[in-house]
Amino acid sequence: MEVPEPERVGVSEFGGRTTRIEVYGELESTNTRLRELASAGAAEGTVVVARSQTAGRGRAGRVWHSPADAGLYASILLRPGIAAERGHLLTFAAAIAVAEGLGGLGVEGLAIKWPNDVLVRGRKICGILTETSLLDGRIDTAVVGIGINVRRAAIPEDLAGVATSLETEGVEVEPAQLLTRVLERLAVWRPGAEGRPADGEIVRRWMELAPMARNAAIRVASGNESFDGVTAGIGDDGRLLVRRADGRIERLASADVSVREK
Ligand code: BTN
């Protein structure tokens, strides 16, 4: 297999340490490249960025549309060494970091949508794909892949009604600037996965940014099944609690949820 060459290698600051940032013109997927670097021993905080991806990956085996210079396509390596059951806290930290990073640029109407989307005025602007590898039941590496729609061109036609971009929202920013802001906020929240700030604090902040997780009427699509319910918060394991019409509580590990009229 041909090893891709970065266009540029720089240093990045993450949680008080200097780490490496590799910028590529084109990659299949920044997550895939960073997983290779992680296997070769890359350090916590290593970042891979690409101007375009030919096989950008989304959640549930979906494609992440990644045309050149239209979005931020970045992956950040974490080596938390925490128990696998705490993995959702890493994704919570990433979603908070994106929401706060975008908020710092003046973007309004931000919300997190479980499990890991960031929305602006109800439309998706960012998706996060966290891929972990385990060692003795602990998370050895977590590759946190973040895709943010910067320009309108990042949005494929079939998603025009449900997605938005910074350009659409009237915010002018370069992907590199955006990355710096997100990394700054991630460095603040990432220790939360180890209980610093306390789990309660990270979940509290996540809930504050995710109003849909409590008392919202939603439709759940999971595999072949679809049902209606009302959200009832988040479990300790990051699962979404949903109350069905008959009062039963479902604990969702993964699913697609959408808001419906009550
Ligand atoms: C989703 O909402 O389905 C998650 C999308 C994650 C996309 C990002 S773009 C950078 C990184 N590399 C990938 O291949 N995927 C993630």
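Colleague: How many cavities of 30 Å³ or more does a search of the whole structure find?

Modeller: This is a predicted model, and the search was run over the whole structure with a threshold of 30 Å³ or more. The largest cavity holds about 30 Å³ of space. The number of cavities found is one.

Colleague: Which class of residue, nonpolar, polar or charged, is absent from the lining of the largest cavity?

Modeller: The lining is made up of Trp114, Met212, Ala213, Ile218, Thr231, Leu240 and Val257. Six of the lining residues are nonpolar and one is polar, and Thr, which is not in the nonpolar or charged list, counts as polar. The class that contributes no residue to this lining is charged.

Colleague: What is the configuration of the peptide bond from Trp114 to Pro115?

Modeller: Trp114 was named above as one of the residues lining the largest cavity, and Pro115 lies in the loop between S5 and S6. The omega angle of the bond from Trp114 to Pro115 is near 5 degrees, and the bond is cis.

Colleague: Which strand gives the most to the lining of the largest pocket?

Modeller: The largest pocket contains about 980 Å³ of space, and of its 47 lining residues the closest to the centre are Arg62, Trp64, Asp117, Lys124 and Leu159. At least two lining residues come from each of several elements, including helix H1 (30-39), strand S4 (71-78) and strand S8 (138-149). The lining itself divides into 21 nonpolar, 17 polar and nine charged residues. With five residues, the element that gives the most is S7.

Colleague: Which two residues form the aromatic pair, and how are their rings arranged?

Modeller: A search of the whole structure finds one aromatic pair. In that pair, formed by Phe92 and Trp206, the centres are 4.3 Å apart and the planes lie at 10 degrees to each other. An angle under 30 degrees counts as stacked, so the arrangement of Phe92 and Trp206 is stacked.

Colleague: How many residues apart in the chain are Phe92 and Trp206?

Modeller: Phe92 belongs to helix H2 (residues 87-103) and Trp206 to helix H4 (residues 199-209), and the pair links distant parts of the chain. Both Phe92 and Trp206 are buried. Their separation is 114 residues.

Colleague: Which residue lies over the face of Phe227?

Modeller: The contact is described by a distance of 3.9 Å from the ring centre of Phe227. The residue lying over that face is Arg244.

Colleague: Where in the hairpin of S1 and S2 does a positive phi occur?

Modeller: Strand S1 (residues 8-14) and strand S2 (residues 17-27) run antiparallel and are joined by seven bridges, with Phe14 standing opposite Arg17 in S2. Two residues lie between the strands, and the positive phi, near 55 degrees, belongs to Gly15.

Colleague: Is Ala60, with its positive phi, buried or exposed?

Modeller: Ala60 is not a glycine, yet its phi is positive at about 55 degrees, and the residue is found in the loop between strand S3 (47-53) and S4. Its relative accessibility is 65%, and a value over 50% is needed for a residue to count as exposed. Ala60 is therefore exposed.

Colleague: In which strand is Asn215 found?

Modeller: Asn215 is a residue other than glycine whose phi has a positive value, near 60 degrees. Because its relative accessibility is 52%, Asn215 counts as exposed. The strand that contains Asn215 is S9 (residues 214-222).

Notes:
Residues are numbered from 1 along each chain as its sequence is written. This is a predicted model: local features need pLDDT of at least 70, side-chain atom pairs count only at pLDDT 80 or more; totals for chains, interfaces and linings use all residues. Side-chain values use heavy atoms; hydrogens and water are left out. Two strands pair if DSSP finds at least two bridges between them. Helices (H or I, at least four residues) and strands (E, at least two) are DSSP runs, numbered from the N terminus. On a 1 Å grid over the protein atoms alone, a cavity is a set of points where a 1.4 Å probe fits but cannot get out, and a pocket is an open set with protein on both sides within 12 Å along at least five of seven lines; lining residues have an atom within 4 Å of a point. Grid points are joined across faces, edges and corners, and a volume is the space filled by probe spheres set on the points. Rings of Phe, Tyr and Trp (its six-membered ring) pair if their centres lie within 6.5 Å; planes under 30 degrees apart count as stacked, over 60 as edge-to-face and the rest as tilted. Buried means under 20% relative accessible area, exposed over 50%, partly exposed in between (1.4 Å probe, protein chains only). A charge sits over a ring if NZ of Lys or CZ of Arg is within 6 Å of the ring centre and within 35 degrees of the ring normal.
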